[in-house]
Amino acid sequence: MTGSDPAANCGVRHARRFPVIERRSIDWITPGERHGTVSAVSPLFFIANWNFFTVALGFSGPALGLSVGWSIAASTLGLLTGTFFTACHATQGSRLGLPQIIQSRAQFGFYGVIVIVAMALACYLAFGVVFTILTAHGLAEIFGWSPLITGLVVNLVGGAFAIAGHDHLHRLSRFTIYATVPLMLAFTVALFMGKAGGDAPSGGHGFAAKAFFTVFAVSAACNMALAPVVSDYTRYLPVATPSRWLIASVYAGAGISALWLMAVGAWLSASYHATDALAALHLAGDNVVRGFGAVLVLASAMTLVVGIATAAYSVSLQFLTGADLIRRFTPTRSLRIAVTVLTIVIYLLVALPFGNHVVDAASDALSILLFLLVPWTAINLVDYFFIRRGDYVIGDLFTPEGVYGGWSWRGLVAYLLGFLAMLPFAALPFCTGPLSALWGGIDVSWLAGLIAAAVAYLMLTRDRRTGAARLGADSASA
């Protein structure tokens, strides 16, 4: 099994030499290494949405004709839905002690998981690039700073924390909350009291079903985008961590921050007719107290540095998971560091030559991401909670000869059926299905994919009983 005693002993020797750097990568976290509490998880997932990118998502409702109230209602329902599925992945980390994508080998097979690896890598490489562009070019427009130098600085800082690893990313998230939440709280109070300038939002925008469900889908996708990495940040928790409280902790962290900033974004859009989230924060903040806008901009940029760090960390785990399919190796800290450095280089090479007009493209990317994530998350959660009920042979997740096999046709077929079920209902930038008109152009493809993938996987695995012992007996047919 990956993470055998010789590797672990080697890791201990390295940890003594470099105690500030996490020694694990994609290998199993032993019970002796488990630590942390449920409450310590929330800050990292809170910070994941705590930036002006989320504020910009809040612009969608008023831009499509919704009132602020209807925009907030759509965002609330979307976040309640999308965050639920994301949060349910949290308990897998504490139970299994593995990164999220490694666990998916149980549903898709040792080699079959390459489909999910490719999806996750594309997502988090894209997020890192978008965060770099938003930060570098946003600060250039506000302060006149060099995008090249700013991009280098934020990626070097983010990369350093990604290299330091799991515990340091959690600590950085907590510090960022202490530094930024009081500022945003003061701004939010001033905004809703009418102390930040602009026009008072009117209720005349009304309601439009297509706009409502578009905002719903974007909001759901905002947090479903976190699903492939949830266990990356819960795998060090003790096995006995209460599942319900852990799910609630991730749910609260990711949901509250997203809803807060989307509501702020909806208000700014309606009050200022804003199209640039960072510029709107700067202007409105200065209307509260001169110079406060600059403080808000820097605070929001700080949160994107955390986003760059966590994205780079998860990319390193995803890349190593994919590389392990091609050539078996012992995961080491050095390999994780090397891949993290490569990830930061990719962020810089792709991001710095481009401009900052990426918010609309990023919103479209979230819709596409939801399109791709829905079948996977349905299969993964059905397998964990209903088929195997948390019972997995950990060692067999690291070999194609184990009970999960090289290619698990059940998971792959269920994913394909879920994907195909979405196509007729799609109303997305890259795909308009023939049945989308029946719903007034509203995108309900995610619902079709969720149901189809879950039902297909349940039907295809109905002959399976839970428990590791049974799985071992079934190795020939896995």
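These are my notebook entries on what I looked up in this structure.

**Entry: the model**
I am working with a predicted model.

**Entry: the nonpolar core**
I began with the inside. The largest nonpolar core holds 135 residues. Which residues touch the most other members of it? They are F45, F187 and L268. I then looked up which helix gives the most to this core, and it is α15, residues 292-326, with 16 residues.

I took F187 for a further look. Leaving out residues up to four places away in sequence, I found that F187 touches V264, L268, L281, A284, G285, V288, F292 and L296. L268 thus turns up again, as a contact of F187.

There is also a second, separate core. It has 5 residues, including L66, A74, F212 and V215. I noted a general point beside this: in soluble globular proteins, nonpolar side chains tend to be buried together.

**Entry: a nonpolar patch on the surface**
Next I turned to the outside. L148, I149, L152, V153, L156 and V157 form a nonpolar patch on the surface. Together they have about 540 Å² of accessible area. I looked up where L148 sits, and it is in helix α10, residues 147-164.

**Entry: salt bridges**
How many salt bridges does a search of the whole structure find? The search gives 8.

I looked at D391 and R95 to start. Their side chains meet in a salt bridge, at 3.3 Å from N to O. D391 is in the loop between α17 and α18, while R95 is in helix α6, residues 90-96. The two are 296 residues apart, and the pair links distant parts of the chain. D391 is partly exposed, at 27% relative accessibility. R95 is partly exposed as well, at 36%.

Then I checked R105 and D324. They form a salt bridge, with the closest N and O atoms 3.2 Å apart. R105 lies in helix α8 (residues 105-108) and D324 in helix α15, so this pair ties together parts 219 residues apart in sequence. Are these two residues buried or exposed? R105 is buried, with a relative accessible area of 1%. D324 is buried too, also at 1%.

D324 has another partner. The side chains of D324 and R328 meet in a salt bridge at 3.4 Å, N to O. R328 is partly exposed, with a relative accessible area of 42%. I also noted one network elsewhere in my list: salt bridges that share partners join R23, R24, D27 and E33.

**Entry: S231 and D232**
I looked up two neighbours in sequence. S231 is in the loop between α12 and α13. D232 lies in that loop too, between α12 (209-224) and α13 (243-272).

S231 counts as buried because its relative accessibility is 1%, and the cut-off for buried is under 20%. I listed its contacts, leaving out residues up to four places away in sequence. S231 touches H89, Q92, G93, L98, P99 and Q100. I also looked up I102. It is 129 residues from S231 along the chain, yet their C-alpha atoms are separated by 9.7 Å.

D232 is buried yet has no salt bridge. Which side chain of opposite charge is nearest to D232? It is R235, 5.4 Å away. A salt bridge needs the atoms within 4 Å, so R235 is too far from D232 to make one. With residues up to four places away in sequence left out, D232 touches P99, Q100, H166, Y313, S314 and L317. P99 and Q100 are on the contact lists of both S231 and D232.

**Entry: positive phi**
I finished with backbone angles. Most residues other than glycine have a negative phi. I looked up two residues with a positive value.

H273 has a phi near 55° and is not a glycine. H273 is found in the loop between α13 and α14 (277-288). It counts as exposed, because its relative accessibility is 58% and the cut-off is over 50%.

R389 is not a glycine either, and its phi is positive, at about 50°. Its place is in the loop between α17 (359-387) and α18 (409-422). R389 is exposed, with a relative accessible area of 57%. The loop between α17 and α18 is also where I found D391, the salt-bridge partner of R95.

Technical notes. Residues are numbered from 1 along each chain as its sequence is written. This is a predicted model: local features need pLDDT of at least 70, side-chain atom pairs count only at pLDDT 80 or more; totals for chains, interfaces and linings use all residues. Side-chain values use heavy atoms; hydrogens and water are left out. Helices (H or I, at least four residues) and strands (E, at least two) are DSSP runs, numbered from the N terminus. Buried means under 20% relative accessible area, exposed over 50%, partly exposed in between (1.4 Å probe, protein chains only). Lys and Arg count as positive and Asp and Glu as negative; His and the chain ends are not counted. Contact means heavy atoms within 4.5 Å. Patches are made of residues with over 30% relative accessible area and no salt bridge: like charges are joined within 9 Å, nonpolar side chains (Val, Leu, Ile, Met, Phe, Trp, Tyr) within 5 Å. Accessible areas come from the Shrake-Rupley method with a 1.4 Å probe; for residues, only the protein chains shown count as cover. A nonpolar core is a set of buried Ala, Val, Leu, Ile, Met, Phe, Trp, Tyr and Cys residues joined through side-chain atoms within 4.5 Å.
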